[in-house]
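Hello,

Here is the structure we talked about handing over. Please open it first, then read my notes below.

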Amino acid sequence: MNRTEFLLLEDTNDFIRWLTLHLPTLPIHLKVLDSDFVPKGIDCHVEGIEAVQALYQWKGDWQTVSFKLRRMRLRLRLATLFGSESATHEVCKAILTWGGVDGAEEFLELKRKDNDLIGYLKRTARLLALDQEQRLRELTKDQILRFDAGMTKIHAIFDKTGSPIFDGRVGAAISMLYLMYRKHRTSPLPPALSFAWGPGRGHQIRNPRHLGLGYDGTPQLSTKSRHLWAKRQLQLGWIIRAVLENSKLFVHIPRLTDRCHAFEAGLFMMGYDLRCMVPNGFSIEPPPKLKDRRRQRAIQK
């Protein structure tokens with residue numbers, strides 16, 4: 001299945017329409033505890049993904065972070081353009097540091113030693129590009145050698161078409177939105193999409209099932225299913241571009257690729273804790289195992 005065929009699926013098409021209709025006014029209670037990444041925390045009621053994106057925080061606001069990302073994107077492209085494996089490796093490590101993740105370090109080092117880091121990034125870029133007609137079946141384990149919270153950032157920053165960073169928060173947000181859309185369908189239709197979420201470091205709810213509101217669970221992101229993770233990134237990118245091409249969301253941003261990243265930033269903030277997306281959500285207690293995990297980490301510190 002290629003991009004055109006994917007977007008013509010009835011379920012995909014209806015989901016895009018639902019997002020186009022509801023995302024501009026969706027009520028959100030954005031509540032994020034203070035941390036190194038969100039120093040002052042957030043507790044604010046807003047409407048719509050644009051208002052959520054305006055509250056973006058990750059060691060800085062969106063203006064600060066998007067500037068950092070543009071610099072890293074330029075550095076990475078120049079390093080690959082000049083064929084420098086060492087410079088490419090350094091930028092990739094800087095991206096991991098910015099993202100607060102380090103799981104891909106060994107993989108990147110091995111690719112650098114094999115003199116294939118640039119080659120691998122270019123081969124994968126072709127598979128993740130949002131404006132091509134590659135088929136989903138091309139994203140296999142033989143082609144996608146590693147995919148995790150670090151590699152999704154590297155691939156998205158290297159991409160030129162607006163490919164989103166598909167981390168646990170973004171995955172949680174789009175999973176929840178898809179289930180909200182499915183719940184409000186007036187006619188039954190086999191689901192065509194399967195998104196996935198990643199756990200938080202505290203007691204946030206990232207799996208829709210943990211809300212206790214009758215939503216189905218969704219898979220958890222796994223490096224063992226690295227090709228599926230990459231496919232989800234590609235499918236989400238196709239959906240984001242379709243929504244933006246059919247709506248006025250982030251229309252004040254001139255370039256489509258930058259609009260895509262702003263959209264992704266909104267999902268990122270919504271995905272911190274899915275309770276923000278349901279009425280009186282923060283009256284919902286997290287499952288005991290999430291509380292226990294938070295308590296154990298606090299003791300270890």
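**The cavity**

A single cavity of 30 Å³ or more was counted. Please keep in mind that this is a predicted model. The largest cavity holds about 40 Å³ of space. Its lining is made of Trp62, Leu69, Arg73, Ala156, Ile157, Ile165, His261 and Glu264. Three elements give two or more residues to that lining: α4, α8 (151–158) and α11 (256–270). Which of them gives the most to the lining of the largest cavity? Helix α4 does, with three residues.

**Helix α4 and what follows**

Helix α4 covers residues 62–81, and Thr80 lies in it. Is Thr80 buried or exposed? Thr80 has a relative accessible area of 6%. The cut-off for buried is under 20%, so Thr80 is buried. Which residues does Thr80 touch, once its neighbours within four places in sequence are left aside? The contacts are Thr88, Ile118, Lys122 and Phe158.

Now look at Phe82. Phe82 sits in the loop between α4 and α5, and α5 spans 85–99. Its relative accessibility is 67%. Exposed means over 50%, so Phe82 counts as exposed. Phe82 also belongs to a nonpolar patch on the surface, together with Leu74, Leu78 and Leu81. Together these four residues have about 470 Å² of accessible area.

**Helix α5**

Thr97 is found in helix α5. With a relative accessibility of 57%, Thr97 counts as exposed. Take Gly150 as the second point to look at. Thr97 and Gly150 are 53 residues apart along the chain. How far apart are their C-alpha atoms? The separation is 9.1 Å.

**Salt bridges**

How many salt bridges were counted? The count is 14. Three of them are worth a look on screen.

- Asp148 and Arg146 meet through their side chains, at 2.7 Å from N to O. Asp148 is buried, with a relative accessible area of 6%. Arg146 has 23% relative accessibility and counts as partly exposed.
- Arg275 and Asp273 form a salt bridge as well, and the N to O distance is 2.7 Å. Arg275 is buried, and Asp273 is buried too.
- Lys113 and Glu109 meet in a salt bridge at 4.0 Å, N to O.

Spend a moment on that last pair. Both residues are in helix α6, which runs over residues 105–113. Why are Lys113 and Glu109 separated by about one helical turn? They are four residues apart in that helix, so about one turn lies between them. Lys113 is exposed, with a relative accessible area of 58%. Glu109 is at 23%, which makes it partly exposed.

Back to the buried pair for one step: the side chains of Arg275 and Asp273 meet at 2.7 Å, N to O. A network turns up elsewhere. Salt bridges that share partners join Glu109, Arg112 and Lys113 into one network.

**Where to start**

Begin with the cavity lining, including Trp62, Leu69 and Arg73. Then go to Thr80 in helix α4. After that, find Phe82 in the loop between α4 and α5. Finish with the salt bridge of Lys113 and Glu109.

Best wishes

Key
Residues numbered from 1 in each chain as written. Predicted model: local features only at pLDDT ≥ 70, side-chain atom pairs only at ≥ 80, totals over all residues. Heavy atoms only, no water. Buried < 20%, exposed > 50% of the residue type's maximum accessible area, 1.4 Å probe, protein only. Contact = heavy atoms within 4.5 Å. Patch = residues over 30% accessible without salt bridge, like charges linked within 9 Å, V, L, I, M, F, W, Y side chains within 5 Å. Areas by Shrake-Rupley, 256 points an atom, 1.4 Å probe, with all protein chains shown as cover. 1 Å grid on protein atoms, 1.4 Å probe; cavity = no way out; pocket = protein on both sides within 12 Å on 5 of 7 lines; lining within 4 Å. Points joined across faces, edges and corners; volume = space filled by probe spheres on them.
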